[in-house]
Amino acid sequence: MARKEIFYTVDTKGRDLGKVFFIREMSATQAEWWAIRAGMAMARSGTEMPDNFADMGIAAMAGTGLKMVSQIPAAEAKPLLDELMECVQCVPDASNQSVKRKLIDDDIEEIATRLKLRMEVFKLHVDFFTAAAS
């Protein structure tokens with residue numbers, strides 16, 4: 001089975017409205033290492049995973065997970081957050097989704113869009129929790 005992929009279209013008002021982004025799941029090896037590093041950083045900072053994490057819906061897991069990452073020191077959080085964004089590519093022409101390219105700084109003009117894209121990346125990676133719980 002191939003890695004999970006989604007297209008995300010910005011639907012909120014602002015400079016990014018209508019922009020399309022392609023999000024592709026990390027490899028299992030990369031995702032595992034990301035989770036280990038995030039977990040170790042959270043443990044060092046005293047952040048605890050909620051007991052009901054596996055019972056949350058995917059959106060709640062993503063929000064909770066990103067909130068937990070935000071509680072670790074910035075020097076440890078930045079590479080983790082940057083790595084999430086490496087899963088995102090720009091689709092420069094919404095009518096031709098076969099063309100994708102690596103993000104550049106000018107592709108995203110709203111902070112809210114960056115946050116939403118990170119949330120979508122996180123959701124793509126945590127759905128195995130809900131599958132395992134069912």
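Start by selecting Gly18, which counts as partly exposed because its relative accessibility is 37% (buried means under 20% relative accessible area, exposed over 50%, and partly exposed in between, with a 1.4 Å probe and protein chains only). You are looking at a predicted model, where local features need pLDDT of at least 70, side-chain atom pairs count only at pLDDT 80 or more, and totals for chains, interfaces and linings use all residues. Residues are numbered from 1 along each chain as its sequence is written, and side-chain values use heavy atoms, with hydrogens and water left out.

Gly18 lies in the loop between E1 and E2; helices (H or I, at least four residues) and strands (E, at least two) are DSSP runs, numbered from the N terminus. Show the contacts of Gly18, meaning heavy atoms within 4.5 Å: leaving aside residues up to four places away in sequence, Gly18 touches Thr9, Val10 and Ala94. Ala94 is 76 residues from Gly18 along the chain, yet their C-alpha atoms are separated by 8.0 Å.

Stay in this loop and pick Thr12, also found between E1 and E2. Thr12 is partly exposed, with a relative accessible area of 43%. Now add Thr113: the two are 101 residues apart in sequence and 8.5 Å apart in space, C-alpha to C-alpha.

**The sheet**

Next, colour the strands. They form an open sheet of 4 strands in the order E1-E2-E3-E4, with antiparallel pairing; two strands pair if DSSP finds at least two bridges between them. E1 and strand E4 (101–102) stand at the edges with a single partner strand each, so one side of each is left without a neighbour in the sheet. Between E1 and E2, which run antiparallel, there are 5 bridges. Zoom in on Tyr8 and you will find Phe21 of E2 opposite.

**The aromatic pairs**

Which rings should you show now? Rings of Phe, Tyr and Trp (its six-membered ring) pair if their centres lie within 6.5 Å; planes under 30 degrees apart count as stacked, over 60 as edge-to-face and the rest as tilted. By this rule there are 2 aromatic pairs. Phe7 and Phe22 make a tilted pair, because their ring centres are 5.1 Å apart and their planes stand at 55°. This pair joins Phe7 in strand E1 (residues 5–9) to Phe22 in strand E2 (residues 20–24), 15 residues apart. Phe7 is partly exposed at 35% relative accessibility, whereas Phe22 is buried at 5%.

Trp34 and Phe122 form an edge-to-face pair, 5.9 Å centre to centre with 70° between the planes. Here Trp34 in helix H1 (residues 28–45) meets Phe122 in helix H4 (residues 111–133), 88 residues apart. Trp34 is buried at 8% relative accessible area, and Phe122 is buried at 9%.

**The core**

Finish with the largest nonpolar core, which has 25 residues; a nonpolar core is a set of buried Ala, Val, Leu, Ile, Met, Phe, Trp, Tyr and Cys residues joined through side-chain atoms within 4.5 Å. Those with the most contacts inside this core are Ile23, Trp34, Ile72, Leu84, Val88 and Leu117. E2, H1, helix H2 (58–69), H3 and H4 each supply at least two residues of this core, and the largest share, 5 residues, comes from H4.

Select Val88 last: not counting residues up to four places away in sequence, Val88 touches Phe21, Phe22, Ile23, Leu103, Leu117 and Val121.
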